[in-house]
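Student: I would like to learn how to read a strand and a ligand site in a model. Please take me through one case.

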Amino acid sequence: MFIKPKKSLGQNFLIDHNVLEQIVDTVEITNKEVLEIGPGSGNLTTFILKKNPKKIYTIEKDDELALLLKDKFSDEIIIINEDVLKISEDKISNEKLTVFGNLPYNISTEILSKWIVNIDKNFWFENLVLMFQKEVAERIIAESNTSKYGRLSILSHWKLNIKKIIDIKPQSFSPRPKIDSTLLLFTPRENFFELKDAKNLEMITRVFFSQRRKMLKKPFNQVFNNAKKVAEKFDIDLNLRPQNLKPEMYFKLVKEYESLRR
Ligand code: SAM
């Protein structure tokens, strides 16, 4: 059965067997429960199955592809024909999942952000093996004092350890995307900063990075009534720029903001 790929759903299917092999070799999944986001026509699913996982859950929004998958895999996999942005992944299983996803690029950061914000101390996953546009992956893994460092890097480092696995060329997909891709491995960060509300981190990093070339003085005054005092407490030079502060410092500033507003 031939199904025309839908651009609106970011359908670029992986066809390179070497890459598919490398993806499933990133972590050990034999006898583990796996969740695949956007299985598409099932290319990656086939490689996951070869590793003999205990169970495979898949979430596919496209009704046509969900039918095709049912046909192809029958009861070898569990197909959840839904929008991943509307699902509570923590309710899928009682076991910790290993997640694979050649994510639809138009919503990849939205998916990751949703997960990070909702994670509690009992992580619902053991590993996330996810593919992003290379440019987005670079922003996710960026460290402070670099030009790619920003809101997405800070949010990602909040609860996750991140490792780059491989870059993947457009030729590995059909249809070919215009850009390179990168596979990242995320694992839970045991002791992450507990914030009252992720929205405060979202707000503070938005204020700071919407003027990333300005000195810290300006965003500090916007966020804190007593900016000078807060800067002194954390030994921050207000002549520096937002990209000079490490993620940990942003978490401390959010905690301070939350305690001052109590
Ligand atoms: N995993 C397949 C592969 O590597 O060949 C397909 C990857 S393709 C880049 C992205 C897949 O995600 C498509 O099958 C698409 O239909 C599905 N998708 C797009 N938006 C989705 C959403 N909101 N929820 C669940 N699946 C979605």
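The dialogue below takes up one strand, its partners and the ligand.

Tutor: This is a predicted model, in which local features need pLDDT of at least 70, side-chain atom pairs count only at pLDDT 80 or more, and totals for chains, interfaces and linings use all residues. Residues are numbered from 1 along each chain as its sequence is written, and side-chain values use heavy atoms, with hydrogens and water left out.

Student: Which residues of β5 are buried on each side?

Tutor: In a regular strand, side chains alternate between the two faces of the sheet. Buried means under 20% relative accessible area (1.4 Å probe, protein chains only); strands are DSSP runs of E, at least two residues, numbered from the N terminus. In β5, residues 97-102, 6 of 6 residues are buried. Leu-97, Val-99 and Gly-101 are on one side, and Thr-98, Phe-100 and Asn-102 on the other.

Student: Which strand does β5 pair with over 6 bridges?

Tutor: Strands pair if DSSP finds at least two bridges between them. β5 pairs with β6 (residues 125-133), in the parallel sense, and Phe-100 stands opposite Val-129 there. β2 (residues 33-37) also runs parallel to β5, joined by 4 bridges, with Glu-36 opposite Phe-100.

Student: Which polar side-chain atoms lie by the ligand's oxygen and nitrogen atoms?

Tutor: A polar contact is a pair of N or O atoms within 3.5 Å. A polar side-chain atom of Glu-60 lies 2.6 Å from a ligand oxygen atom, and one of Asp-83 lies 2.8 Å from a ligand nitrogen atom. For Gly-40, a backbone N or O atom lies 3.3 Å from a ligand oxygen atom.

Terms used: Buried < 20%, exposed > 50% of the residue type's maximum accessible area, 1.4 Å probe, protein only. Polar contact = N/O pair within 3.5 Å; in protein donor to acceptor, adjacent residues only side chain to side chain.
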